[in-house]
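The following exercises are intended for a reader meeting this structure for the first time. Please keep the sequence and the model at hand while working through each solution.

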Amino acid sequence: MKAVQLKQVSFAYNKFDDKVLNNVNFFINYGEITLLSGVSGQGKSTLISIISGIIPNITNGMLTGEVLIDGKSIIGQRLATICKKVGIVTQNPDNQIIHNIVEDEIAFGCENFAIEPSKILDRIENVCAIVELDKTAKTRSLSGGQKQRLITASTLATGQKILILDEPLANLDFKSAKLLMETLELLAKAGYAILVVEHRLDIVLPFANCVWDIKNGSVNKVENKLDYLQSQTKGIDYNCNFKSISNIILRLQNVSYKVKNKQILDEINFDIYNGERILLLGENGCGKTTLLRLIVKLIKPSKGVIERIVNEQNLKKIDRNWFKTIGIVYQNPNYQLFMPTVEKEIEYGAINKEYANYLIDIFGLEHLRKRHPQSLSEGQKRKVSIASVLAGKPKVLLLDEPTVGQDYDSLCDLVNILGDLHNQTGNTMITITHDKRCAEALCDRAILIENGKIKEEGDKQFVRKYFMNLQI
């Protein structure tokens with residue numbers, strides 16, 4: 001039975017003539033996992049907003065065609081009525097988290113659905129076990145991947161039979177991603193209708209019963225999953241011409257970070273050389289993002305020192321020059337985008353207007369120049385946030401999950417741009433990614449962190465072996 005069906009659906013946002021969706025025919029069945037993938041910024045989020053009732057109840061525009069949820073037209077249905085049937089996990093988990101404690105966050109949705117208190121407690125226990133979360137943990141202390149799992153748990157606990165997950169694997173390590181897909185498979189077999197919007201096809205496709213591809217406002221059913229997988233998951237090669245210089249620019253000595261009784265990083269020791277590209281590997285919550293925050297000096301180590309080395313002199317104190325020479329791209333681009341247009345965002349910290357225009361061009365953002373950054377898709381926001389940091393020509397570039405929200409072609413373009421700019425400027429790059437397609441292309445040296453400690457280091461072959469072992 002069809003849980004969702006769109007018949008000849010078209011949509012254009014208010015004040016825009018171009019249709020985001022054009023004569024779309026699409027369906028989701030109960031008992032199946034449906035995958036929707038395709039080019040970034042082409043209408044996936046709009047399609048989700050229509051199914052979930054956000055369009056036209058909250059977001060206005062011209063909607064034509066027929067939209068059926070559980071066999072009934074959405075016309076005249078209140079958003080609250082649709083929400084009881086359709087649960088959604090958005091791309092940005094921070095936008096959905098309200099409470100400070102994990103169990104309170106999960107209970108919140110259940111309480112709104114008037115579920116009995118005794119049943120709520122059981123559901124909290126069950127979903128926390130499924131996604132492997134501590135119900136007593138503080139939500140602000142969770143990593144990006146753990147937050148994604150929390151929102152998924154909150155949605156599962158409410159019991160809606162139609163579940164939509166928008167880029168649910170974006171910040172998840174392989175183990176967590178596989179665990180989530182296995183859970184969704186069990187739910188589908190129990191009669192749920194699952195829609196997953198995702199670019200990490202190598203993980204999702206083996207679980208998908210039905211696959212749709214979106215491009216230029218059209219949605220088409222994919223008949224051959226294997227061909228589609230091979231076309232979208234090839235490894236990306238990039239030859240780095242810039243050779244790192246032997247002088248050390250940063251030294252981490254016995255660096256530890258602890259919050260109350262929780263040891264996040266423990267005795268981290270390594271040197272960072274001028275012009276090298278480092279990849280940080282490890283599971284969600286192992287301390288990778290915390291390490292970036294320590295390096296950029298947003299937080300201080302509980303123990304140990306991070307020394308900046310200039311002309312062979314150790315500088316332990318923070319100075320203004322440090323913040324001019326280092327740039328960080330956060331896991332969540334919404335934390336960085338604050339100007340009224342894409343153009344002004346990239347010009348804000350640029351060395352000059354000409355360089356800002358150059359980056360707008362190579363990142364393919366010309367058609368978005370006058371758009372508000374917060375109006376863009378998550379993949380487009382990611383490009384803008386990276387371009388805005390690169391505009392200042394930082395000597396040290398820190399990238400936390402920079403490839404999230406990118407379709408395969410956009411991912412290839414992004415890796416090539418980062419590589420070309422690295423060759424031009426000789427910057428030092430430190431990257432966190434769970435995306436095996438681009439991991440090797442973004443590094444010369446890899447560091448594996450496990451339980452807050454450095455477990456192992458290696459080169460590109462080590463990265464390849466790491467991801468192969470994950471899949472075994």
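The exercises below concern a predicted model, and each is followed by a worked solution.

**Exercise 1. Describe the open sheet that contains strand β1, and state which helix packs on it.**

Solution.
Step 1. Establish the strand order. The sheet is open and has 4 strands, arranged as β2-β1-β4-β5 with antiparallel pairing.
Step 2. Identify the edges. Strands β2 (21-29) and β5 (72-73) each pair on one side only, and they are the edge strands.
Step 3. Add the helix. Helix α1, residues 44-51, packs on this sheet and touches β1, β2 and β4 (61-69). The direction of α1 makes about 120° with that of β1.
Step 4. Examine one pairing. Strand β1 (residues 2-13) runs antiparallel to β2, and 6 bridges join the two. Within this region, V9 stands opposite V24 in β2.

**Exercise 2. Determine the surroundings of Q5 and decide whether Q5 is buried, partly exposed or exposed.**

Solution.
Step 1. Locate the residue. Q5 belongs to strand β1.
Step 2. List the contacts. Leaving aside residues up to four places away in sequence, Q5 touches F26, F27, E66, V67 and L68.
Step 3. Consider a pair that is separated along the chain. Q5 and K72 are 67 residues apart in sequence, and their C-alpha atoms are separated by 9.5 Å.
Step 4. Classify the residue. The relative accessibility of Q5 is 22%. Buried means under 20% and exposed means over 50%, so Q5 counts as partly exposed.

**Exercise 3. Describe the open sheet that begins with β6 in the strand order, including its twist and the packing of α6.**

Solution.
Step 1. Establish the strand order. This open sheet has 6 strands in the order β6-β7-β8-β3-β9-β10, and the pairing is mixed.
Step 2. Identify the edges. The edge strands, each pairing on one side only, are β6 (86-89) and β10 (218-221).
Step 3. State the twist. From one strand to the next, the twist averages 20°.
Step 4. Examine one pairing. Strands β6 and β7 (residues 162-166) pair in the parallel sense over 4 bridges. The bridge partner of V89 in β7 is L165.
Step 5. Add the helix. Helix α6 packs on the sheet, where it touches β6 and β7. The direction of α6 makes about 175° with that of β6.

**Exercise 4. Locate the cis peptide bond between I55 and P56, and the positive phi angles of E132 and E267.**

Solution.
Step 1. Begin with the peptide bond. The bond from I55 to P56 is cis, and its omega is near 10°. P56 lies in helix α2, which covers residues 54-57.
Step 2. Turn to E132. Phi of E132 is positive, about 60°, although E132 is not a glycine. E132 is placed in the loop between α5 (117-131) and α6 (144-158). Its relative accessibility is 46%, so E132 counts as partly exposed.
Step 3. Turn to E267. Phi of E267 is near 55°, again a positive value in a residue other than glycine. E267 lies in strand β12, residues 262-273. With 30% relative accessibility, E267 counts as partly exposed.

**Exercise 5. Characterise the second largest pocket by volume, lining and residue class.**

Solution.
Step 1. State the volume. The second largest pocket has a volume of about 1100 Å³.
Step 2. Find the residues around its centre. The lining of the second largest pocket has 46 residues, of which R140, S141, L142, S143 and R293 are the closest to the centre.
Step 3. Assign the lining to elements. Two or more residues of the lining come from each of α6, β11 (248-259), β12, α10 (288-295) and α14 (378-390). Helix α10 gives the largest share, 5 residues.
Step 4. Divide the lining by class. The lining of this pocket has 15 nonpolar, 18 polar and 13 charged residues.

**Exercise 6. State how many cavities of 30 Å³ or more the structure has, and describe the largest cavity.**

Solution.
Step 1. Count the cavities. A search of the whole structure finds 8 cavities of 30 Å³ or more.
Step 2. Describe the largest cavity. The space in the largest cavity is about 100 Å³. Of the 14 residues that line the largest cavity, A170, R200, T403, V404 and D435 are the closest to its centre.
Step 3. Divide the lining by class. The lining of the largest cavity has 2 nonpolar, 6 polar and 6 charged residues.

Definitions and conventions. Residues are numbered from 1 along each chain as its sequence is written. This is a predicted model: local features need pLDDT of at least 70, side-chain atom pairs count only at pLDDT 80 or more; totals for chains, interfaces and linings use all residues. Side-chain values use heavy atoms; hydrogens and water are left out. Buried means under 20% relative accessible area, exposed over 50%, partly exposed in between (1.4 Å probe, protein chains only). On a 1 Å grid over the protein atoms alone, a cavity is a set of points where a 1.4 Å probe fits but cannot get out, and a pocket is an open set with protein on both sides within 12 Å along at least five of seven lines; lining residues have an atom within 4 Å of a point. Grid points are joined across faces, edges and corners, and a volume is the space filled by probe spheres set on the points. Ala, Val, Leu, Ile, Met, Phe, Trp, Tyr, Cys and Pro count as nonpolar, Asp, Glu, Lys and Arg as charged, and the others, Gly among them, as polar. Two strands pair if DSSP finds at least two bridges between them. Contact means heavy atoms within 4.5 Å. Axes are lines fitted to C-alpha atoms, for helices over the stretch in contact, and angles run from 0 to 180 degrees between N-to-C directions.
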